[in-house]
Amino acid sequence: MGDAFIRHIELLGYEKRFFPSQHYVYMFLVKWNDLSEKLVYRRFTEIYEFHKALKEMFPIESGDINTENRIIPHLPAPKWFDGQRSTQNRQGTLAEYCYTLVNLPHKISRCLHVVNFFKVRPDDTNPVTDSQIRKPEVFLLPKDAKKNSTDITGPIVLQTYRAIADYEKSSRSEMALNTGDMVDVVEKSETGWWFCQLKNKRGWVPAAYLEPMDGPDESEEQEPNYAGEQYIVQKSYTAVEEDELTLKEGDTIEVIHKLLDGWWVIRKDETTGYYPSMYLQKAGEENTSVKSQLRNRSAPPRRSTVRNAKSIHKQGRKQISQETYRRNSKRYLQSRRNMKEKIHNKANAIIEKNEQEENKPKAQPAVPPRPSKDLILNRCTESTRRKIL
């Protein structure tokens with residue numbers, strides 16, 4: 001495999017930390033060429049020092065020789081005192097800087113200086129903390145407001161969830177859980193993998209192993225949509241449980257219920273069942289990297305397969321049986337067929353009526369009666385009168 005390089009850098013927001021003294025660090029999600037995703041934290045002073053060194057390495061591209069040749073983006077110098085307001089207001093500029101950086105020519109964007117700066121450090125995974133001091137406050141950058149600093153959120157109190165069973169991680173990007181652990185959820189993915197933090201640990205956790213502290217989370221789940229949304233299967237899967245479906249790559253299906261644990265109820269022809277959402281792509285959407293990413297990822301566990309689950313909300317959770325899904329799907333499909341038949345029959349009736357009118361023999365004009373001899377003698381010309389004499 002070739003040298004490591006960065007495919008994308010996304011600014012998630014920043015943290016206000018209180019140890020060893022109050023300071024701010026920016027949170028970056030770094031996506032690498034091996035399809036791994038790492039969360040790193042950097043102070044702005046570090047980022048600016050990195051930027052100055054990069055300019056020295058590439059004086060032409062930084063515009064030091066001729067300003068017209070500059071392609072390395074600008075970055076404002078840190079203020080004498082960086083408070084929360086300046087940290088917040090700088091996010092739009094920093095997000096744009098990272099986007100431009102990874103899209104520079106490879107000799108810059110893939111150089112060791114860039115690669116090494118964004119590699120995971122020990123303090124990224126295990127930041128130095130003091131249990132006696134309050135934990136960091138997280139400020140997330142809304143996904144739809146990357147370039148508008150006025151839309152930056154205030155301090156976000158991340159949702160706290162409880163682990164309902166032990167979970168052993170199967171990759172370095174995941175986080176192990178013990179029953180009863182309290183985790184803060186940073187990001188909820190519709191794949192069923194949620195990015196969480198527990199004290200000084202961070203990683204991806206299956207949503208099926210988590211329950212909210214403030215009540216059941218059914219309100220976050222969409223209602224079934226029996227009309228269905230068309231999706232294309234991007235990765236084959238063989239059913240393990242009875243209520244799952246076996247599908248091949250390229251199959252077209254309809255999603256009728258999107259569930260939080262990443263296992264969606266789908267319909268193939270008239271058959272319904274569960275299928276991993278991360279193996280599906282909405283029809284019409286282009287994503288060339290999806291297939292290569294899926295080869296290195298596995299589907300999360302389902303809620304129903306979590307063993308020894310000690311959930312206080314288990315009794316309150318809405319349960320929809322496969323029979324209900326199938327029955328409602330059949331009703332919907334039948335009503336759709338009936339509607340199509342009505343439209344088809346109506347169209348046929350109109351066509352048949354038009355054909356009947358076209359084929360109907362046209363009425364012949366009536367032949368007028370022959371005029372009498374006296375009428376001809378009184379009204380016709382001399383030549384006509386001669387013919388009857």
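## Exercises on burial, charge and salt bridges

Asp269 is exposed, its relative accessible area being 62%. The model examined here is a predicted one, and each exercise is followed by its worked solution.

### Exercise 1: Backbone angles

Where does Asp269 lie, and what is notable about its phi?

Step 1. Asp269 belongs to the loop between E12 and strand E13 (271-276).

Step 2. The phi of Asp269 is near 60°, a positive value in a residue other than glycine.

Step 3. Leu35 can be treated in the same manner: although it is not a glycine, its phi is positive, at about 75°. Leu35 sits in the loop between strand E2 (23-32) and strand E3 (37-42), and with a relative accessibility of 24% it counts as partly exposed.

### Exercise 2: The chain as a whole

Describe the chain by its secondary structure, its burial, its contacts and its surface.

Step 1. The chain contains 10 helices and 14 strands.

Step 2. It has 389 residues, of which 40% count as buried.

Step 3. Among contacts with a separation of 6 or more, 61% are made by residues 24 or more positions apart.

Step 4. The accessible surface amounts to about 23700 Å², and carbon and sulfur atoms contribute 49% of this area.

### Exercise 3: Salt bridges

How many salt bridges does the structure hold? Work through individual pairs, and state for each where the partners lie and how accessible they are.

Step 1. The structure holds 14 salt bridges.

Step 2. One of them joins the side chains of Arg121 and Glu46, with an N to O distance of 2.6 Å. Arg121 is placed in the loop between helix H5 (112-117) and helix H6 (122-125), while Glu46 is in helix H1 (residues 44-57), so this pair ties together parts that are 75 residues apart in sequence. Arg121 is partly exposed at a relative accessible area of 26%, and Glu46 is likewise partly exposed, at 27%.

Step 3. In the pair of Lys52 and Glu49, the closest N and O atoms are 3.6 Å apart. Both residues are in helix H1 and stand three residues apart, which means that about one helical turn separates them. Lys52 has a relative accessible area of 36% and is partly exposed, as is Glu49 with 46%.

Step 4. The side chains of Glu254 and Arg267 also meet in a salt bridge, at 2.9 Å from N to O. Because Glu254 lies in strand E11 (residues 252-257) and Arg267 in strand E12 (residues 263-268), the pair ties together parts that are 13 residues apart in sequence. Since buried means under 20% relative accessible area, Glu254 counts as buried at 17%, and Arg267 is buried at 1%.

Step 5. Beyond these pairs, Glu15, Arg17 and Arg202 are joined into one network by salt bridges that share partners.

### Exercise 4: Charged patches on the surface

Which residues gather in the patch of positive charge, and which form the negative surface patch? Locate one member of each.

Step 1. The positive patch on the surface brings together Lys169, Arg172, Lys199 and Lys201.

Step 2. Arg172 can be traced to the loop between strand E5 (159-163) and strand E6 (182-188), and with a relative accessible area of 78% Arg172 is exposed.

Step 3. The negative patch is made up of Glu352, Glu355, Glu357 and Glu358.

Step 4. Glu352 is part of helix H8 (residues 322-359), where its relative accessibility of 44% makes it partly exposed.

### Exercise 5: The setting of Arg90

Is Arg90 buried or exposed? Which residues does Arg90 touch, not counting those up to four places away in sequence?

Step 1. Arg90 is found in the loop between helix H2 (84-89) and helix H3 (91-102).

Step 2. The cut-off needed here is 20%, under which a residue is called buried; at 8% relative accessibility, Arg90 therefore counts as buried.

Step 3. When residues up to four places away in sequence are left out, Arg90 touches Tyr26, Phe44, Pro78, Lys79 and Asp82.

Step 4. To set two arginines of loops side by side, Arg90 is buried at 8%, whereas Arg172 is exposed at 78%.

Note on methods. Residues are numbered from 1 along each chain as its sequence is written. This is a predicted model: local features need pLDDT of at least 70, side-chain atom pairs count only at pLDDT 80 or more; totals for chains, interfaces and linings use all residues. Side-chain values use heavy atoms; hydrogens and water are left out. Patches are made of residues with over 30% relative accessible area and no salt bridge: like charges are joined within 9 Å, nonpolar side chains (Val, Leu, Ile, Met, Phe, Trp, Tyr) within 5 Å. Accessible areas come from the Shrake-Rupley method with a 1.4 Å probe; for residues, only the protein chains shown count as cover. A salt bridge is a side-chain nitrogen of Lys or Arg within 4 Å of a carboxyl oxygen of Asp or Glu. Lys and Arg count as positive and Asp and Glu as negative; His and the chain ends are not counted. The place of a charge is taken as NZ of Lys, CZ of Arg, CG of Asp or CD of Glu. Helices (H or I, at least four residues) and strands (E, at least two) are DSSP runs, numbered from the N terminus. Buried means under 20% relative accessible area, exposed over 50%, partly exposed in between (1.4 Å probe, protein chains only). Contact means heavy atoms within 4.5 Å.
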